Amino acid sequence: MLSTTALHWLPAERLVALYHQPGRLVRPGGMFLNGDNIPFSHRPSPFQRLAEQARRAAV
């Protein structure tokens with residue numbers, strides 16, 4: 001399941017409710033990816049580090 005919707009605009013209580021849904025909808029072994037791009041920290045997340053490594057390896 002993939003979302004590229006601007007979920008950051010949802011109120012916190014709606015966002016929490018939304019994030020509970022993929023656990024019931026995604027098959028075992030599946031994953032939910034949210035393509036929202038909002039930095040929460042000045043340090044890169046593990047996903048950002050992996051993406052950067054993949055970019056460098058593709059060059």
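Read along the sequence, the chain runs β-α-β-α, which comes down to two helices and two strands. Bear in mind that this is a predicted model. There isn't much of an interior to speak of: buried residues account for just 5% of the 59 in the chain. The accessible surface adds up to about 5500 Å², and carbon and sulfur atoms hold 61% of that area.

Helix H1 spans residues 12-25, 14 residues in total. From first C-alpha to last, H1 covers 21 Å, close to the 20 Å expected at 1.5 Å a residue. As for its surroundings, H1 lies largely in the open, because the number of buried residues among its 14 is one.

Next come the aromatic rings. The count of aromatic pairs comes to one. The partners are Tyr19 and Phe32, with ring centres 5.7 Å apart and planes at 85°. Planes over 60 degrees apart count as edge-to-face, so that is the label this pair gets. Tyr19 sits in helix H1, while Phe32 belongs to the loop between H1 and strand S2 (33-34). The contact therefore ties together parts of the chain that are 13 residues apart in sequence.

How covered are the two partners, Tyr19 and Phe32? Tyr19 has a relative accessibility of 38%, so it counts as partly exposed. Phe32 comes in at 24% and is likewise partly exposed, since the buried class takes in residues under 20%.

Notes
Residues are numbered from 1 along each chain as its sequence is written. This is a predicted model: local features need pLDDT of at least 70, side-chain atom pairs count only at pLDDT 80 or more; totals for chains, interfaces and linings use all residues. Side-chain values use heavy atoms; hydrogens and water are left out. Helices (H or I, at least four residues) and strands (E, at least two) are DSSP runs, numbered from the N terminus. The expected span of a helix is 1.5 Å times one less than its number of residues. Buried means under 20% relative accessible area, exposed over 50%, partly exposed in between (1.4 Å probe, protein chains only). Accessible areas come from the Shrake-Rupley method with a 1.4 Å probe; for residues, only the protein chains shown count as cover. Rings of Phe, Tyr and Trp (its six-membered ring) pair if their centres lie within 6.5 Å; planes under 30 degrees apart count as stacked, over 60 as edge-to-face and the rest as tilted.
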